[in-house]
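Hi there,

Here is the structure I promised to pass on to you. Have a look at it first, and my notes follow below.

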Amino acid sequence: MSSEVLDRGLVLDAVRVTEEAAVASWTMVGRGDEKAADQAAVDAMRNALNELEIDGEIVIGEGERDEAPMLYIGEKVGKGGKSAIDIALDPLEGTTLTAKAMANALAVMAWAPKGTLLNAPDTYMDKIACGPGFPAGVIDLDKSPAENVQALAQAKGVDPSEITVCVLDRPRHADIIASVRSVGARIYLITDGDVAGVINTADPETGVDLYVGQGGAPEGVLACAGLKCVGGQFQGRLVFRNADEKARAERVGITDFDKKYDLHEIVRADAIFAATGVTSGALLDGVKVKDGFVETHSLVMNSATRTVRQVRMRRPV
């Protein structure tokens, strides 16, 4: 089923969708309006999806139906066709980054065969991730950050001081940062955008070895789709702050609130992952408009073929 659903044409379609969202949101870079930037990306992504011959359903989106006109969970997109797919998306990961013209804003999307992506509620998730090339189980969410750094360093054959850990810069992560530094490892702090933070572990050019911390559960699903394409490792556990958040989880079929998920439980089949840079960052260059042309830089990956492509698009404005 996976090879039939995730054909080469759909890989190219996916990156065209994120390109449209990135170009639309780029018009709002540095203008201080997060909502307008997000809305521009949403409108462009929805329009691009609805031009495709797919039977798509949003399973990771921007909230539930009553929060429309965002791309809501359960929304149907596409013209219909043989490809029935689950869609996880963040039309603009880094609304604050965009509004302030800061680095690392992305348009992000993942596709998988229908019924194979975890329907993660809009809650927090504790996460740990590393890139490919390590023994299975080298990282463990239930171990301390220091222990995970030491395990990864041993697997890599280096001293812990040569390990770099990406962490969202939040007060709640003070203990994580202290634990990582206690064994001499480096911390790479990011202000927003933990999908990019997780994916950075799979790209040697970023220098990031490990991602640890608490971020959005929907972003965890998107990041897992990307890591699945390159063979990385991920573990996550949903975090519930109140009864309302547990009720959201129950509505999407989650009853074990303490479950530790691994990557292949979150993305249960082959997947396509696509991301296009809005502002330049460690992973991708941002949108550029010059001499009547617009240029984009995208990453598109297909786990069915373990193919990773960097795509540079140039077209008239």
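In this predicted model, six strands form an open sheet with mixed pairing, in the order 7-6-8-5-9-10. Strand 7 and strand 10 (260-262) are the edge strands, each pairing on one side only. On average, neighbouring strands of the sheet are turned by 20 degrees against each other, direction ignored. Helix 5 (residues 145-156) packs on this sheet and touches strand 5 (124-130), strand 6 (164-168) and strand 8 (210-216). The direction of helix 5 makes about 145 degrees with that of strand 8.

At the strand 10 edge, strand 9 (residues 233-239) pairs with strand 10 in the antiparallel sense, over three bridges. Glycine 236 stands opposite tyrosine 261 of strand 10 there.

Now to the part you may like best, the annotated site. The unreviewed UniProt entry gives a "binding site" annotation that covers Glu93, Gly94, Thr95, Tyr124, Arg170, Pro171, Arg172, Asp192, Gly193, Asp194 and Gly216. From this set, the lining of the largest pocket takes in residues including Gly94, Arg170 and Asp192.

Two of these residues sit in loops. Glycine 94 is in the loop between strand 3 (84-93) and helix 4 (95-99), and it counts as buried because its relative accessibility is 10%, under the 20% cut-off. Aspartate 192 lies in the loop between strand 7 (186-190) and helix 7 (194-199). With 23% relative accessibility, aspartate 192 counts as partly exposed.

What does aspartate 192 touch, leaving out residues up to four places away in sequence? The list is Thr96, Leu97, Leu168 and Arg170. With arginine 170, the aspartate 192 side chain makes a side-chain polar contact of 3.3 Å.

Best wishes

Conventions. Residues numbered from 1 in each chain as written. Predicted model: local features only at pLDDT ≥ 70, side-chain atom pairs only at ≥ 80, totals over all residues. Heavy atoms only, no water. UniProt positions renumbered as here; feature names shortened; annotations may be inferred. 1 Å grid on protein atoms, 1.4 Å probe; cavity = no way out; pocket = protein on both sides within 12 Å on 5 of 7 lines; lining within 4 Å. Helix = DSSP H or I, 4+ residues; strand = E, 2+ residues; numbered from the N terminus. Buried < 20%, exposed > 50% of the residue type's maximum accessible area, 1.4 Å probe, protein only. Contact = heavy atoms within 4.5 Å. Polar contact = N/O pair within 3.5 Å; in protein donor to acceptor, adjacent residues only side chain to side chain. Pairing = 2+ DSSP bridges. Axes fitted to C-alpha atoms, helices over the stretch in contact; angles between N-to-C directions.
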